[in-house]
Amino acid sequence: MSFSEAQSIAINHNKGPMLVLAGPGSGKTLVITRRTKKLIEEYGVNPSEILVITFTKAAATEMGQRFFKLMDNHKPPVTFGTFHGVFFKILKFAYGLNGSNIIREDQRQQFLREIIGRLELELDDESEFISGIISEISLVKGEMIDLNNYYSTNCSEDVFKDIYRSYNEKLTRASLIDFDDMLVLTYELFKARVDILSAWQRKFKYILIDEFQDINKIQYEIIRLMALPENNLFIVGDDDQSIYRFRGAKPEIMLNFQGDYADSKRILLDQNYRSTKAIVEGAIKVIKNNGKRFEKKIVTNNEMGSVIDVSEFESSVEENKKIISIISFYIDQGYQYKDIAILFRTNIGPRLLVEKLMEYNIPFRMKDS
């Protein structure tokens with residue numbers, strides 16, 4: 001199989017830190033799996049010393065399957081996992097935790113309802129308030145923010161502090177942790193127990209991270225500790241694709257990576273194999289207006305494809321009428337309903353369109369509902 005020059009450089013990287021800027025459709029999974037194979041077969045790395053981290057369990061499973069297929073279905077003991085999965089494994093060995101120690105969502109909601117009830121807060125929408133508080137608790141833990149320096153957007157400073165502390169006290173009394181605690185406890189463990197940290201440093205001498213633009217502060221601090229002293233840290237991502245800042249993602253970490261690792265190498269996977277020229281050029285015209293980003297030129301050898309049609313409407317009613325007419329046009333052209341997807345920025349966006357689809361007897365399914 002042939003690779004682009006940039007892909008080859010990334011795949012052949014051996015020791016030390018490397019930043020791989022992987023534009024959309026540039027073959028980042030190929031690079032990660034091929035480099036993992038190269039480490040084992042040509043550089044003599046013990047596969048049990050390789051850790052590949054992704055952000056979702058599904059992505060970790062897919063990455064592993066791609067790698068095992070590349071190895072002719074031989075399954076060397078490379079670890080594929082999520083941040084939470086890997087860190088919880090560390091906590092299991094240290095503290096004997098198991099799945100029953102992870103709080104369920106309904107338990108978390110109940111804890112917060114009890115706390116809010118005690119505080120006798122007047123709320124227009126309790127569920128919405130709880131959702132906001134959960135996000136803020138996660139932000140405080142994930143960004144390692146001093147509670148005394150945090151100002152809530154959902155309630156007063158004193159009320160949030162009370163909720164935060166009461167919530168953590170309830171977790172402790174019930175011998176439970178939430179997903180953010182997996183990160184906090186792992187970081188605290190490594191800082192307090194050099195012997196345990198050293199054991200995991202010896203265990204995982206090569207760390208590869210996918211979708212690095214979505215990492216948060218505490219995840220990064222833990223990984224930096226684990227990667228010492230060799231710093232065989234291979235990060236792959238695209239700062240232009242960072243969309244999870246509301247979850248605590250910090251694209252600035254990726255932008256500052258070479259400041260943290262002065263000896264790191266950087267390569268841009270600039271070839272898009274997926275999209276048409278119209279899509280690639282349109283995306284670049286939009287994203288280049290961002291102030292803080294890696295400057296990059298993405299190219300494709302694909303055909304120009306259909307032009308991007310940007311439409312403005314006076315109301316969502318007019319917009320939905322247009323969408324219905326476009327769907328009807330595609331069906332008249334011989335396409336099937338399953339060939340069509342409609343993307344929205346938020347989950348509340350499609351409410352009016354759903355009514356319109358039902359009115360016109362157009363079959364559909366909601367992916368995130």
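Trainee: Between which two elements does the loop holding Glu 211 lie?
Mentor: This model is predicted, and Glu 211 can be placed in it by the elements on either side. The loop that holds Glu 211 lies between strand 4 and helix 10.

Trainee: What is the phi of Glu 211, and is the residue buried or partly exposed?
Mentor: Most residues other than glycine have a negative phi. Glu 211 is not a glycine, yet its phi is positive, at about 55°. Its relative accessible area is 25%. Buried would require under 20%, so Glu 211 is partly exposed.

Trainee: Where does Ser 175 lie, and how is its accessibility classed?
Mentor: Ser 175, although not a glycine, has a positive phi of about 55°. The residue is found in the loop between helix 7 (157–173) and helix 8. With a relative accessibility of 48%, Ser 175 counts as partly exposed.

Trainee: Which residues does a cis peptide bond join?
Mentor: Most peptide bonds are trans. One cis bond can be located by the loop between helix 10 and strand 5, where Pro 229 is found. Its omega is about -5°, and the residues joined are Leu 228 and Pro 229.

Trainee: Which helix gives the largest share of the largest nonpolar core?
Mentor: The largest nonpolar core has 35 residues, and those with the most contacts inside it include Phe 87, Phe 190, Ile 223 and Leu 233. The largest share of this core is 7 residues, and they come from helix 10 (residues 217–227).

Trainee: Which residues does Ile 223 touch, not counting those up to four places away in sequence?
Mentor: Ile 223 is one of the residues with the most contacts inside the largest nonpolar core. Setting aside residues up to four places away in sequence, the residues touched by Ile 223 are Ile 53, Phe 83, Phe 87, Ile 207, Ile 209 and Leu 233.

Trainee: Is helix 2 largely enclosed or largely open?
Mentor: Helix 2 (residues 28–41) reaches 20 Å from its first C-alpha to its last, close to the 20 Å expected. What covers its buried residues includes helix 1 (5–11), helix 3 (57–70) and strand 6 (265–269). Because 11 of its 14 residues are buried, helix 2 is largely enclosed by the rest of the structure.

Trainee: Is Asp 181 buried or exposed?
Mentor: Asp 181 lies in helix 8 (residues 179–192). Leaving aside neighbours within four places in sequence, it is in contact with Lys 141, Leu 171 and Thr 186. Its relative accessible area is 10%, and the cut-off for buried is under 20%, so Asp 181 is buried.

Trainee: What distance separates the C-alpha atoms of Gly 99 and Asp 178?
Mentor: Gly 99 is placed in the loop between helix 4 (83–95) and helix 5 (105–119). At 52% relative accessibility, Gly 99 counts as exposed. Although Gly 99 and Asp 178 are 79 residues apart along the chain, their C-alpha atoms are separated by 11 Å.

Trainee: Which residues make the nonpolar surface patch of about 390 Å²?
Mentor: One of its members, Ile 326, lies in helix 14 (residues 316–332). Ile 326 is partly exposed, with a relative accessible area of 34%. The patch is made by Ile 326, Phe 329, Tyr 330 and Tyr 335.

Trainee: What percentage of the residues of the chain count as buried?
Mentor: The chain has 15 helices and 6 strands. Its C-alpha trace spans about 65 × 65 × 40 Å along the principal axes. Of its 369 residues, the percentage that count as buried is 45%.

Notes: Residues are numbered from 1 along each chain as its sequence is written. This is a predicted model: local features need pLDDT of at least 70, side-chain atom pairs count only at pLDDT 80 or more; totals for chains, interfaces and linings use all residues. Side-chain values use heavy atoms; hydrogens and water are left out. A nonpolar core is a set of buried Ala, Val, Leu, Ile, Met, Phe, Trp, Tyr and Cys residues joined through side-chain atoms within 4.5 Å. Buried means under 20% relative accessible area, exposed over 50%, partly exposed in between (1.4 Å probe, protein chains only). Helices (H or I, at least four residues) and strands (E, at least two) are DSSP runs, numbered from the N terminus. Contact means heavy atoms within 4.5 Å. Patches are made of residues with over 30% relative accessible area and no salt bridge: like charges are joined within 9 Å, nonpolar side chains (Val, Leu, Ile, Met, Phe, Trp, Tyr) within 5 Å. Accessible areas come from the Shrake-Rupley method with a 1.4 Å probe; for residues, only the protein chains shown count as cover. A salt bridge is a side-chain nitrogen of Lys or Arg within 4 Å of a carboxyl oxygen of Asp or Glu. The expected span of a helix is 1.5 Å times one less than its number of residues.
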